[in-house]
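Open the model in your viewer and keep a selection panel at hand. The stops below say what to select next and what is there.

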Amino acid sequence: MNDDNTLEAVSAASVGQESSKAGTFFQKAAIVFAVPAIAWGVFIVWSTAFPGPCGDSWGLISLGVAESWLVCLPVGLFGLTTGLLVKKGSPSLRRICIIASAIVLCLPITASILLHRLHCP
């Protein structure tokens with residue numbers, strides 16, 4: 001009788017840890033969207049941190065920071081909600097989603113701070 005209870009407990013534990021295909025799909029989609037957003041955000045932060053001589057940018061640095069907000073904010077929020085709400089996906093992908101979304105959301109904030117500190121008067 002004890003063996004039947006342990007078999008039921010083991011089978012119930014294995015069913016609870018299955019990852020759903022839809023959850024894994026959304027996690028992979030969030031990571032796929034996050035990679036170009038991170039690349040774009042890093043480029044904007046780099047171009048904001050090391051601007052050319054005053055007067056050469058014609059406002060393109062400010063436009064790049066605004067575009068960074070337009071690209072990174074939705075992608076970061078999608079990755080964060082996917083990482084936090086999809087519980088039946090892969091645990092390692094969930095962790096990657098949360099970390100990638102935190103990086104994506106920090107990049108436009110960093111670019112804005114650099115723009116306000118290093119902007120030519």
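Select α3 (60–85) and α4 (91–118): each of these helices supplies at least two residues of a nonpolar patch. Helices here (H or I, at least four residues) and strands (E, at least two) are DSSP runs, numbered from the N terminus. The model is a predicted one, in which local features need pLDDT of at least 70 and side-chain atom pairs count only at pLDDT 80 or more, while totals for chains, interfaces and linings use all residues. Residues are numbered from 1 along each chain as its sequence is written, and side-chain values use heavy atoms, with hydrogens and water left out.

**The patch**

Now show the side chains of Trp69, Leu73, Leu77, Ile109 and Ile113. Together they form the nonpolar patch on the surface, with about 420 Å² of accessible area. Patches are made of residues with over 30% relative accessible area and no salt bridge; like charges are joined within 9 Å, nonpolar side chains (Val, Leu, Ile, Met, Phe, Trp, Tyr) within 5 Å. A salt bridge is a side-chain nitrogen of Lys or Arg within 4 Å of a carboxyl oxygen of Asp or Glu. Accessible areas come from the Shrake-Rupley method with a 1.4 Å probe, and for residues only the protein chains shown count as cover.

Which helix gives the most to the nonpolar patch? It is α3, with 3 residues. Pick out Leu77, one of the patch residues, in helix α3. Leu77 has a relative accessible area of 42%, so it is partly exposed. On this scale buried means under 20% relative accessible area, exposed over 50%, and partly exposed in between (1.4 Å probe, protein chains only).

**The whole chain**

Zoom out and colour by secondary structure. The protein chain comes to 4 helices and 0 strands, and its pattern along the sequence is α-α-α-α. Of its 121 residues, 30% count as buried.

**Helix α3 against α4**

Return to α3 and α4 and draw their axes. The two helices pack at an angle of about 160°, with axes 8 Å apart. Axes are lines fitted to C-alpha atoms, for helices over the stretch in contact, and angles run from 0 to 180 degrees between N-to-C directions. The pair is therefore roughly antiparallel; angles under 35 degrees count as roughly parallel, over 145 as roughly antiparallel, 65 to 115 as roughly perpendicular and the rest as oblique. The crossing of α3 and α4 is left-handed, a term used if the near helix is turned anticlockwise from the far one by less than a right angle, with right-handed used if clockwise.

Two residue pairs are worth selecting here. Ala66, in helix α3, has 38% relative accessibility and so counts as partly exposed. Its partner for this stop is Pro108: the two are 42 residues apart in sequence and 8.2 Å apart in space, C-alpha to C-alpha. Next select His116 in helix α4, which is exposed at 68% relative accessibility. The C-alpha atoms of His116 and Ser62 are separated by 9.7 Å, with their positions 54 residues apart along the chain.

**Helix α2 against α3**

Add helix α2 (residues 21–49) to the view. How far apart are the axes of α2 and α3? They are 9 Å apart, and the helices pack at an angle of about 155°. This pair is therefore roughly antiparallel, and α2 passes α3 in a left-handed crossing.

Select Trp40, which lies in helix α2 and is partly exposed, with a relative accessible area of 29%. The C-alpha atoms of Trp40 and Ser68 are separated by 7.1 Å, although the residues are 28 apart along the chain.

**Helix α2 against α4**

Hide α3 and look at α2 with α4. These helices pack at an angle of about 20°, with their axes 8 Å apart. They are therefore roughly parallel to each other, and α2 passes α4 in a left-handed crossing.

The last selection is Val35, in helix α2. Is Val35 buried or exposed? Val35 is exposed, since its relative accessible area is 54%. Its C-alpha atom is separated by 8.1 Å from that of Ala100, a residue 65 positions away along the chain.
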